[in-house]
Amino acid sequence: MSARRRKTVSAIAEGLCAVAVILALLPLAFILFYVVKQGASALNWAFFTSMPKPVGEPGGGMGNAIVGTLILIGLAALFAVPIGCICGIHLAEYRDSRFSSVVRFAADVLNGVPSIVIGIFAYGLAVLPVKRFSAMAGGFALGLLMIPVVVRTTEELVRLVPSGLREGALALGASRSRAVFTVIVPAALPGILTGILVATARVAGETAPLLFTSFNNRFWSTNIAQPIASLTVQVFTYAISPYDDWHRQAWAGAFLLVMIILVLSIVARLAVRRLEQMNRP
Amino acid sequence: MTITIAMPSAPPGTAAVREIESGAAKISVRDFDFFYGSAQVLHGITLDIPDQQVTALIGPSGCGKTTFIRSINRMNDIIPEARAKGTITIDGRDIYAPGTDVVALRRRVGMVFQKSNPFPKSIFDNVAYGLRIGGLTDKRSLREHVEKSLIRAALWDEVKDRLDDSALALSGGQQQRLCIARALAVDPEILLMDEPASALDPTATTKIEELIWELKANYTIVIVTHNMQQAARVSDRTAFFMLGRVVEYSDTKTIFMNPKEKMTEDYVTGRFG
């Protein structure tokens, strides 16, 4: 192959890559542009602090939904993080056992289950028996969605810890579990933390599993045994309504959601950088 | 490498192999075989390692030196499918006997690895690690032990003002001495060193070698090395490994000046390896 031909082929390949990247990024750019354009103008201080107003009454906000979303995320994390982390550590430690491959497969299947199905499951398990929508049921549904993500990221990152560290700990007379919890997990912690934050960001944007678990609440409520408002369900409710006022509110809510996810991602990155600095010269 | 024939078929336990210069045997190895799955990597190893001396294991890559040294603290246990046969006794107790407390064994038999492996923790916490998992919590006592170990590993003067800094900020040579300090902190009787200086520059290597020389007053040291000069410099006794067998084991001087086996001579004079 002549040098010229090689260079031409290389240039074409590079061009194709660039086009693919642009195609992948375009939708993101459009979404962000549109959400910011429509949402930012509807956003004001009252939006964060006040409650939803009835139709026709101008103003009002999503104060209760913002708090509700935070509570739901918190409940989900409380449920999913311990289970997911311990499961992930187990998978990394006993990577070749039969049980592990079953668990790994189950986690992957769970990861692929549509969120609406998870919602129905949580409805059957946490709503029907007590005959009441509740924040707890919503947190449970979101937690189920979080678990597989936390499991797999934890596993990957624990596996990445150099085997020399494990051997070093064992050689000093550490038992296996001791080595895992005093050396290996701390070494993998920055990564595990990112995984948790990414999983949190992912479920923060979920609507479907909340529709029939935490439902919605027009009033201020922090009681986890009662239905609770959330940004996503509120946006959904407003967006399908026929009122212009509510449409504006929906855009503002969407904008806020995007911002929350952005902030979570940035916090994840900063946390990782800080922890890595502590672990590195 | 053209040597595929003439493996010395001297049965394990020949006088030359078993003979010990002075002192009692700290570690006695008898007919020790080791397998990874179905592949046998050690064949009938039989030798006695004396107390308070430095024993060097030399031989070409893949000859089983590292597998052997990792058998002495049962570090190979963590490899799935690995299997040992025969006995290794330390102070007369078979460490492969069923019911052996591997954790307790590893506290008596410290190990320094080829690649320095400080934990991503502070210098202090690295040295204190073994003490803490041993149950020591008293702060003053911890500090004393850490200081003593760092002094013994000839690292104290370089790090005494920054014990809280990350161990990963140290240079390669310092990291390796930190790992030695960490191993010494739990007060082992035996120190296994698997090519401890192979990744270090000459200055750092000299420091490690001087250290080994000083440590042998208190410890039984077994060192794997690829560097023949190093074996000649630091060890009292040398075992030459080849294809999973001990070809010759004698005092270092004999191995290097007047080896009995032709193969040993060829190896130490650099004719193959």
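Select Glu158(B) in this predicted model: at 29% relative accessibility, Glu158(B) counts as partly exposed. Add Arg177(B), whose side chain meets that of Glu158(B) in a salt bridge (2.9 Å, N to O). The pair links distant parts of the chain, Glu158(B) lying in helix α6 of chain B and Arg177(B) in helix α7 of chain B, 19 residues apart. Arg177(B) is buried, with a relative accessible area of 5%.

Next, display helix α5 of chain B, residues 139-152. The 14 residues of α5(B) reach 20 Å from first C-alpha to last, close to the 20 Å expected at 1.5 Å a residue. Colour Ser141(B), Leu142(B), Val146(B), Ser149(B) and Leu150(B), the buried residues of this helix. Viewed down the axis of α5(B), these buried residues fall within an arc of 160°, so they line one face of the helix. They pack against α4 (123-133), α6 (156-159) and α7 of chain B. Just after α5(B), stop at Ala154(B), which takes a positive phi of about 55°.

Proceed to helix α8 of chain B, residues 202-215. Its end C-alpha atoms are 20 Å apart, which agrees with the span expected for 14 residues at 1.5 Å each. Seen down the axis, the buried residues of α8(B) fall within an arc of 160° and so line one face of the helix. Select Ala204(B), Thr205(B), Ile208(B), Glu209(B), Leu211(B), Ile212(B) and Leu215(B) to show this buried set. Their packing partners in chain B include α5, α7 and the strands β3 (54-58), β7 (190-194) and β8 (220-224). Turn to the face directed away from the buried side, where Pro202(B), Thr203(B) and Glu214(B) are exposed.

One further pair in chain B is Arg74(B) with Asp77(B), joined by a salt bridge (3.0 Å, N to O). Arg74(B) is buried, at 13% relative accessible area, whereas Asp77(B) is partly exposed at 36%.

Now move to chain A and select Arg152(A) and Glu156(A), whose side chains form a salt bridge (3.9 Å, N to O). Because they stand four residues apart in helix α6 (residues 135-160) of chain A, about one helical turn separates them. Arg152(A) is partly exposed at 21% relative accessibility, and Glu156(A) is partly exposed at 42%. Extend the selection to Arg104(A), Asp108(A), Glu155(A) and Arg159(A), which are linked with this pair in a network of salt bridges. Over all chains, the structure holds 26 salt bridges.

Finish at Val19(A), Ile22(A), Leu23(A), Leu26(A) and Phe30(A), which make a nonpolar surface patch of about 500 Å². Ile22(A) belongs to helix α1 (residues 3-42) of chain A and counts as exposed at 52% relative accessibility.

Notes. Residues numbered from 1 in each chain as written. Chains lettered and ligands numbered in written order. Predicted model: local features only at pLDDT ≥ 70, side-chain atom pairs only at ≥ 80, totals over all residues. Heavy atoms only, no water. Patch = residues over 30% accessible without salt bridge, like charges linked within 9 Å, V, L, I, M, F, W, Y side chains within 5 Å. Areas by Shrake-Rupley, 256 points an atom, 1.4 Å probe, with all protein chains shown as cover. Salt bridge = Lys/Arg side-chain N within 4 Å of Asp/Glu carboxyl O. Helix = DSSP H or I, 4+ residues; strand = E, 2+ residues; numbered from the N terminus. Buried < 20%, exposed > 50% of the residue type's maximum accessible area, 1.4 Å probe, protein only. Expected span 1.5 Å × (residues − 1). Arc of directions from axis to C-beta. Contact = heavy atoms within 4.5 Å.
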